[in-house]
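Here are a few short exercises to work through with the structure open beside you. Try each task before you read its solution.

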Amino acid sequence: MMPADNHSVFTPVTFILTGFPGTEESQVSLAIPFCLMYVAVLLGNSLLLYIIATERSLHEPMYLFLSMLAAADLLLSTTTVPKMLDLFWFRAGEISFAACLTQIFFIYVSFFAESAILLAMAFDRYVAICNPLRYTTLLTKPVVGKIGLAVLTRSFCFAFPIVFLVMRMKICGNNLLPHIYCEYMTLSQLACDSITFNIWYDVTKTILVIGLDAVLIAVSYVLILRAVFQRRYQGARLKALRTCGSHICVILLYYLPTFVSFCKYQFGQIIPGSTLNLLANVYVLLLPMLNPVIYGMMTKEILKRVIKMFFRCCS
């Protein structure tokens, strides 16, 4: 039970997700596209993982990193969307403190993991295009496995402090969360104590981790594009650009919503809150849905096997 006094301090057993402010009347209609997108996320990423796992010719670093990205996408969407649909369809916004903490933890694990995987994919393309003779010796399967372990370790190391900060918070006034899932900064705004350190940690990790990844990715692709345009044969240029094109599309789709999410607390008074929330959380569904489509359409080897599987199923 929530205390009657709006200024009393308590540790809530449950929170109430209220959805995006200003969209209460349209939540049922929002559930339909969100549900369809979630089904597409499950089917697309599961198919991608199945194709890479069953085709031995795809057991190469680029496709192994792609399978890691698909797994991170599935984790991100499955952590948030089922409860989101429960809220939209059945107005069931109640979520336990443990479940809320679990959501926050796995959202950040997948968030940090995706950034690191995109960096690993950029490095993979850099070596393949700028130093092809050393590609097979530099990016062996054991090295790829160690990179995957490093990605997971880094993600857990940055996500655990967030769990600790949430657990030590004392909540004031109410347990209503104006969101569609448990978000760290939204929850922090319910705290009685100063959240200066919470904000400092959120800004620091975003700048140092995500910002550094983005800079290294940008440098990698600048070097890649320079190497591509120095090639004499147009066919080689087109092949390299096509391979990198899908990566660049995904990188832009990942970092643009991240930037909006980072800035939404700064510009919340200028832009409507519902618009900012929808933009800031688009990566929860849109990016995991588009990743398999982008890589399936722009990567010839995957597209070929999808078509082959389709005709096999139809025959």
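**Exercise 1.** Is Val 28 buried, partly exposed or exposed? Then find the nonpolar patch that Val 28 belongs to.

*Solution.* Keep in mind that this is a predicted model. Start with the accessibility: the relative accessible area of Val 28 is 40%. Buried means under 20% and exposed means over 50%, so a value in between is called partly exposed. Val 28 is therefore partly exposed. Next, place the residue: Val 28 sits in helix α1. Finally, look at its partners: Val 28, Ile 32, Leu 36, Trp 89 and Phe 90 make a nonpolar surface patch of about 540 Å². Both α1 (27–54) and α2 (61–90) supply at least two residues each, and α1 gives the largest share, with 3 residues.

**Exercise 2.** Work out which contacts surround Gln 103, and decide whether this residue is buried or exposed.

*Solution.* First locate Gln 103 in helix α3, which spans residues 97–130. Its relative accessibility is 4%, so Gln 103 counts as buried. Leaving aside residues up to four places away in sequence, Gln 103 touches Thr 79, Thr 80, Lys 83, Ile 95, Tyr 181 and Cys 182.

**Exercise 3.** Classify the ring pair of Tyr 254 and Tyr 255, then name the cluster that includes both.

*Solution.* The structure holds 14 aromatic pairs. In the pair of Tyr 254 and Tyr 255, the ring centres are 4.7 Å apart and the planes meet at 85°, so the arrangement is edge-to-face. Both tyrosines, Tyr 254 and Tyr 255, are buried. Ring pairs join them with Tyr 108, Phe 111, Phe 112, Phe 158 and Tyr 184 into a cluster.

**Exercise 4.** Of the 5 salt bridges in the structure, examine those of Arg 305 and Arg 154, and say which parts of the chain each one links.

*Solution.* Take Arg 305 to begin with: its salt bridge is to Glu 55, with the closest N and O atoms 3.4 Å apart. Arg 305 belongs to helix α11 (residues 300–314) and Glu 55 to the loop between α1 and α2, 250 residues apart. Arg 305 is buried at 17% relative accessible area, whereas Glu 55, at 22%, is partly exposed.

Now turn to Arg 154, whose salt bridge with Asp 213 has its closest N and O atoms 2.8 Å apart. Arg 154 is in helix α5 (residues 141–167) and Asp 213 in helix α7 (residues 196–229), so this pair ties together parts 59 residues apart in sequence. Arg 154 is partly exposed at 22%, while Asp 213, at 2%, counts as buried.

Technical notes
Residues numbered from 1 in each chain as written. Predicted model: local features only at pLDDT ≥ 70, side-chain atom pairs only at ≥ 80, totals over all residues. Heavy atoms only, no water. Patch = residues over 30% accessible without salt bridge, like charges linked within 9 Å, V, L, I, M, F, W, Y side chains within 5 Å. Areas by Shrake-Rupley, 256 points an atom, 1.4 Å probe, with all protein chains shown as cover. Salt bridge = Lys/Arg side-chain N within 4 Å of Asp/Glu carboxyl O. Helix = DSSP H or I, 4+ residues; strand = E, 2+ residues; numbered from the N terminus. Buried < 20%, exposed > 50% of the residue type's maximum accessible area, 1.4 Å probe, protein only. Phe/Tyr/Trp six-rings, centres within 6.5 Å; stacked < 30°, edge-to-face > 60°. Contact = heavy atoms within 4.5 Å.
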